[in-house]
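Okay, thanks for coming, everyone. I'll take a few minutes to walk through one structure, and you can follow along on the screen.

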Amino acid sequence: MEDFNASIAVDGRMYEQDIRGSMAHARMLAQQGIITEQERDLILEGLASIAHDLGQGKLEFTAAAEDVHMNIETFLTQRIGETGKKLHTARSRNDQVALDVRLWLRDETNDIKAQVLALGEALLTLAEQHVNDLMPGYTHLQKAQPVSLAHHLLAWFEMLRRDYERLQDAMKRLEMMPLGSGALAGTGFPLDRMAVAIELDFPAITRNSLDAVSDRDFAIEFCAVASILMMHLSRWAEEIILWSSDEFGFMELDDAFATGSSIMPQKKNPDAAELIRGKSGRVYGDLLALLTLMKGLPLAYNKDMQEDKEALFDAVDTVKKCLLVITPMLQTARFNTERMANAARGGFSNATDLADYLAAKGLPFRDAHEVVGKAVRHCIEKGLTLEELSLSTFKSFSPLIGGDVFETLDVMQCLARRQLPGGPAPGRVRDAIEEARAWLKECGSK
């Protein structure tokens, strides 16, 4: 039962946050006259020494003390005597663990936010290098219309920007200080909860003691945000895998992010991208685990909630590892821009521009769509592209087509015409990069 009940193997990694919260609690107890200043100083000195020794690997947690909170309190009592037992005055492990998890998740979320910004910087640097490099845009994985590689990379950036904003918004619910809620009904001691919140850099305190110790929705929200982030990384990984294939040939990964085959010497497998794609499922599972864990719990604290940390810790660890890998993987990748451009010129990606050309000449778009469809069918039968048709052949499909049609069909002109905000025209892409850089700078300065 001791082994089954213990959580130290999982929650031991929160020792820094537990000690930080205990120090703030001790200072507040002395400020309120609940313990003496001498007792406070002895407690703080003891906690500092424990933090140092844990960091140096000089102390080992035991399952007999059950969790990180009791292990540290046991160490403290061993070092400073009976005074160590006063630290737990006006505190329960219920509000203590609620604080520790919030502190830990805030630290980790800030690290992830920094990683997201670093990935955003890498994407913008790549985009700046490829503003004029053509590639096919796809729908249904079929060539649709030409875009630039920079425009495609900026689509990834916009997903990443929203991921960052979701992380930032989730912090509003995370940064609420629960200490003082006790086991479930607060305490009769005259605590100064805001003093603890200020020391720990929380902008607010929790508003209800029952709620503060009995919910983990902030952890669930993080996992939901992390799942969306991983979904985006997985989609990018899928494109990297496709682009690295011989069939596409759009990019080549650096050897550091690929592996060979144990039997086929020619192979260069995009394992890093495949692992990112696969690990998205872990984070989805962590989210579902937390939702399932909490769905049937009555107020207030229940021991079931001890199981929250493995899923949360795994989600954080997985996201951080994936971000740590995908950024340099993209930075060191080599893009075959010539092959991308050739692919953009094939597959009739300029067909929509021909339909727009006819619509601009006064033909209803639905009729123009039908005319171009016939022209494309003719090209497929003859093994030609639209650009290779003669003017007389074009006129056989519609007398509205004139000699200026060939400029319309030029793929670079197709790109340049898309000048609307958010479009792939080189000027608009440069504007988008400039705006994105300003946003990155603003985020980094906060």
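So let me start with a question: how much space lies in the second largest cavity? About 30 Å³. And before anyone asks, this is a predicted model, so everything I say here is computed from that prediction.

Let me stay with that cavity for a moment. Its lining is made up of H25, M28, M177, L179, G180, L191, R193 and V196. Helices α3, residues 15-31, and α8, residues 193-199, each put at least two residues into that lining. By class, the lining of this second largest cavity splits into five nonpolar, two polar and one charged.

The structure holds two cavities of 30 Å³ or more, so let's turn to the other. The largest cavity comes to about 40 Å³. Around the largest cavity you'll find L105, T109, L167, A170, M171, L174, F218 and F222. Which helix gives the most to that lining? That's α7, with four residues. Helices α6, α7 and α10 each supply at least two. And the class split for the largest cavity is seven nonpolar, one polar and no charged residues.

Keep F222 in mind, since it lines the largest cavity and comes back in the core. The largest nonpolar core has 78 residues, and F222, L233 and W243 are the ones with the most contacts inside it. Several helices feed into this core with at least two residues each, among them α6, α7, α10, α11 and α19. The largest share comes from α10, at 15 residues. As a general point, nonpolar side chains in soluble globular proteins tend to be buried together.

Okay, on to charges. How many salt bridges does the count come to? The count is 33. I'll pick out three pairs.

Pair one is E221 with R173, where the closest N and O atoms sit 2.5 Å apart. E221 is in helix α10, residues 217-244, and R173 is in helix α7, residues 149-174, so this pair ties together parts that are 48 residues apart in sequence. Are these two buried or exposed? Somewhere in between: E221 has 23% relative accessibility, so it counts as partly exposed, and R173 at 34% is partly exposed as well.

Pair two is E238 with R277, again with a closest N to O distance of 2.5 Å. E238 is also in α10, while R277 is in helix α11, residues 271-294, and the two are 39 residues apart, so to speak a link between distant parts of the chain. E238 is partly exposed at 29%, and R277 is partly exposed at 32%.

Pair three is R334 with D254, at 3.9 Å from N to O. For those of you who care about thresholds, the cut-off for a salt bridge here is 4 Å, so this pair counts. R334 lies in strand β6, residues 334-335, and D254 in the loop between β5 and α11, so the pair ties together parts 80 residues apart in sequence. R334 has a relative accessible area of 39%, which is partly exposed, and D254 is partly exposed too, at 25%. This pair also belongs to a network of salt bridges that links E252, D254, D255, K268 and R334.

Now the backbone. Strands β1, residues 134-139, and β2, residues 142-148, run antiparallel and are joined by six bridges. T139 has Q142 in β2 as its bridge partner. The hairpin has two residues between the strands, and H140 takes a positive phi near 60 degrees there. L141, in the loop between β1 and β2, also has a positive phi, about 60 degrees, although it is not a glycine. L141 counts as exposed, at 52% relative accessibility.

Where else does that turn up? A90 has a positive phi near 60 degrees, and it lies in the loop between α5 and α6. A90 is buried, with a relative accessible area of 12%.

Last item: which residues does a cis peptide bond join? L299 and A300, with omega at about 5 degrees. A300 is found in the loop between α11 and α12. For context, most residues other than glycine have a negative phi, and most peptide bonds are trans.

That's my tour, so over to you for questions.

Conventions
Residues are numbered from 1 along each chain as its sequence is written. This is a predicted model: local features need pLDDT of at least 70, side-chain atom pairs count only at pLDDT 80 or more; totals for chains, interfaces and linings use all residues. Side-chain values use heavy atoms; hydrogens and water are left out. A salt bridge is a side-chain nitrogen of Lys or Arg within 4 Å of a carboxyl oxygen of Asp or Glu. Buried means under 20% relative accessible area, exposed over 50%, partly exposed in between (1.4 Å probe, protein chains only). On a 1 Å grid over the protein atoms alone, a cavity is a set of points where a 1.4 Å probe fits but cannot get out, and a pocket is an open set with protein on both sides within 12 Å along at least five of seven lines; lining residues have an atom within 4 Å of a point. Grid points are joined across faces, edges and corners, and a volume is the space filled by probe spheres set on the points. Ala, Val, Leu, Ile, Met, Phe, Trp, Tyr, Cys and Pro count as nonpolar, Asp, Glu, Lys and Arg as charged, and the others, Gly among them, as polar. Two strands pair if DSSP finds at least two bridges between them. A nonpolar core is a set of buried Ala, Val, Leu, Ile, Met, Phe, Trp, Tyr and Cys residues joined through side-chain atoms within 4.5 Å.
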